[in-house]
Amino acid sequence: MTGHNKIEVLTQLVADQIAAGEVVERPGSVVKELIENSLDAGATRIHLDLKGGGILRIRVVDDGRGLPADQISTAFLRHATSKITSLTDLDAIGTFGFRGEALPSIAAVAKVTIRSRTADALAGRLLRLEGGAVVEEQEVGCPVGTDIEVSELFYNTPARLKFLKRQSTEAGHCSDALLRLALQHPEVDFKVTSDGRSTRQLPRVLKIEERLADLFRKEHLIRAEGGHGGIDVLAVLGPPERARAGAGSLYTYINGRFVRDRTLLKAITQAFGGTLESGRYPVGLVALTMPPGSFDVNVHPQKTEVRFVDPGAIYRATVAVIGEMAARAS
């Protein structure tokens with residue numbers, strides 16, 4: 001055994017920075033967490049503004065319910081959450097965020113300024129943090145909703161900063177993080193600006209396929225939906241002859257949460273029979289809705305991986321619905 005023999009308790013700062021590494025891998029991770037918070041707050045308009053690929057600044061402005069003035073600082077305390085009060089609540093999570101780790105983790109490795117106001121408040125509240133420490137808090141005038149700015153990401157953890165890619169690459173990851181959420185929320189108006197330029201606008205629409213049609217403008221997308229074994233499946237997919245190498249243009253969801261699951265991807269390809277070449281996937285979206293207690297999203301800090309109680313049920317439901325779609329289209 002090498003290193004120090006004496007076991008010591010880490011300082012809160014070091015512990016927070018280590019915990020942040022589980023949640024905040026890159027600017028795109030921050031974007032995901034902040035936009036999920038906006039959606040959980042009932043926002044109908046969300047504006048993402050980036051500078052330097054999100055490394056220099058990430059700003060998310062929404063028109064959601066906002067945070068009460070006396071709760072803003074609490075939201076940045078570790079393990080603070082409004083989503084659960086006991087272990088049994090973990091099986092019935094209906095929102096994106098609940099760990100109580102995202103905001104304090106982000107604040108631990110960046111400089112954060114948040115302004116927020118609720119509809120019943122005459123004024124909002126401003127909170128400014130650096131490296132997790134509050135440096136300013138005051139009453140401020142602002143519209144209803146939340147305006148949060150995360151700047152100089154990893155300024156106090158330079159070893160992690162050097163692993164980031166070029167600013168253009170990181171900006172792309174940020175935009176992808178927003179898109180994954182936007183596809184499940186057609187009722188919300190999304191806008192992305194990067195270094196002062198508008199890079200993506202997704203106006204509010206009525207149906208998911210309208211949003212997908214805006215993304216895949218040259219594709220003929222077919223919708224299919226059905227239930228099997230207590231699992232509802234919605235699929236909006238392009239034809240197999242237009243399939244692409246890799247699953248980058250196939251968006252898969254469980255109860256509204258973007259996931260990457262081998263069982264689900266295999267079921268989608270198998271449903272098309274022999275019409276899909278190996279390694280190719282249709283473009284579009286597949287979204288499953290199932291009882292919360294039948295899967296666990298806590299196997300990965302980013303919550304993009306899941307563990308199913310009955311993987312076979314996922315496979316059967318997906319193949320049944322998409323297989324029927326493929327048969328009709330052939």
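**His228.** I looked up the exposure of His228 in this predicted model and found a relative accessibility of 34%, so I noted the residue as partly exposed, since that value falls between the 20% and 50% limits. His228 belongs to strand S9, which I have as residues 222-228. Setting aside the neighbours within four places in sequence, I listed Arg316, Ala317 and Ala320 as the residues in contact with His228. For one of these partners, Ala320, I also looked up the separation of the C-alpha atoms, which is 7.5 Å from His228 although the two residues lie 92 apart along the chain.

**The loop between S6 and H4.** I turned next to backbone angles and noted that Glu152 has a phi near 50°, a positive value in a residue that is not glycine. I placed Glu152 in the loop that runs between strand S6 (145-151) and helix H4 (158-161). Phe154 lies in the loop between S6 and H4 as well, and I found a positive phi of about 65° there, again in a residue that is not a glycine. Which of the two is buried and which is partly exposed? I recorded Glu152 as partly exposed, with a relative accessible area of 37%, whereas Phe154 is buried, with a relative accessible area of 1%.

**Aromatic rings.** I counted 2 aromatic pairs, taking ring centres within 6.5 Å as the criterion. For Tyr253 and Phe258 I have ring centres 5.7 Å apart and planes at 75°, and because that angle is over 60 degrees I entered the pair as edge-to-face. Tyr253 is buried at 0% relative accessibility, and Phe258 counts as buried too, at 9%. I further noted that Tyr251, Tyr253 and Phe258 make up one aromatic cluster.

**Helices H2 and H5.** I then examined how helix H2 (residues 27-40) packs against helix H5 (residues 167-182), and wrote down an angle of about 25° with the axes 8 Å apart. Because angles under 35 degrees count as roughly parallel, I described H2 and H5 in that way. The crossing in which H2 passes H5 is right-handed. On the H2 side I listed Pro27, Gly28, Val31, Lys32, Ile35, Glu36 and Leu39, which meet Glu170, His173, Cys174, Ala177, Leu178 and Leu181 of H5. How many of the residues in this contact are nonpolar, polar and charged? I have 8 nonpolar, 2 polar and 3 charged residues for the contact of H2 with H5.

How values were computed:
Residues are numbered from 1 along each chain as its sequence is written. This is a predicted model: local features need pLDDT of at least 70, side-chain atom pairs count only at pLDDT 80 or more; totals for chains, interfaces and linings use all residues. Side-chain values use heavy atoms; hydrogens and water are left out. Axes are lines fitted to C-alpha atoms, for helices over the stretch in contact, and angles run from 0 to 180 degrees between N-to-C directions. Helices (H or I, at least four residues) and strands (E, at least two) are DSSP runs, numbered from the N terminus. Angles under 35 degrees count as roughly parallel, over 145 as roughly antiparallel, 65 to 115 as roughly perpendicular and the rest as oblique. A crossing is left-handed if the near helix is turned anticlockwise from the far one by less than a right angle, and right-handed if clockwise. Contact means heavy atoms within 4.5 Å. Ala, Val, Leu, Ile, Met, Phe, Trp, Tyr, Cys and Pro count as nonpolar, Asp, Glu, Lys and Arg as charged, and the others, Gly among them, as polar. Rings of Phe, Tyr and Trp (its six-membered ring) pair if their centres lie within 6.5 Å; planes under 30 degrees apart count as stacked, over 60 as edge-to-face and the rest as tilted. Buried means under 20% relative accessible area, exposed over 50%, partly exposed in between (1.4 Å probe, protein chains only).
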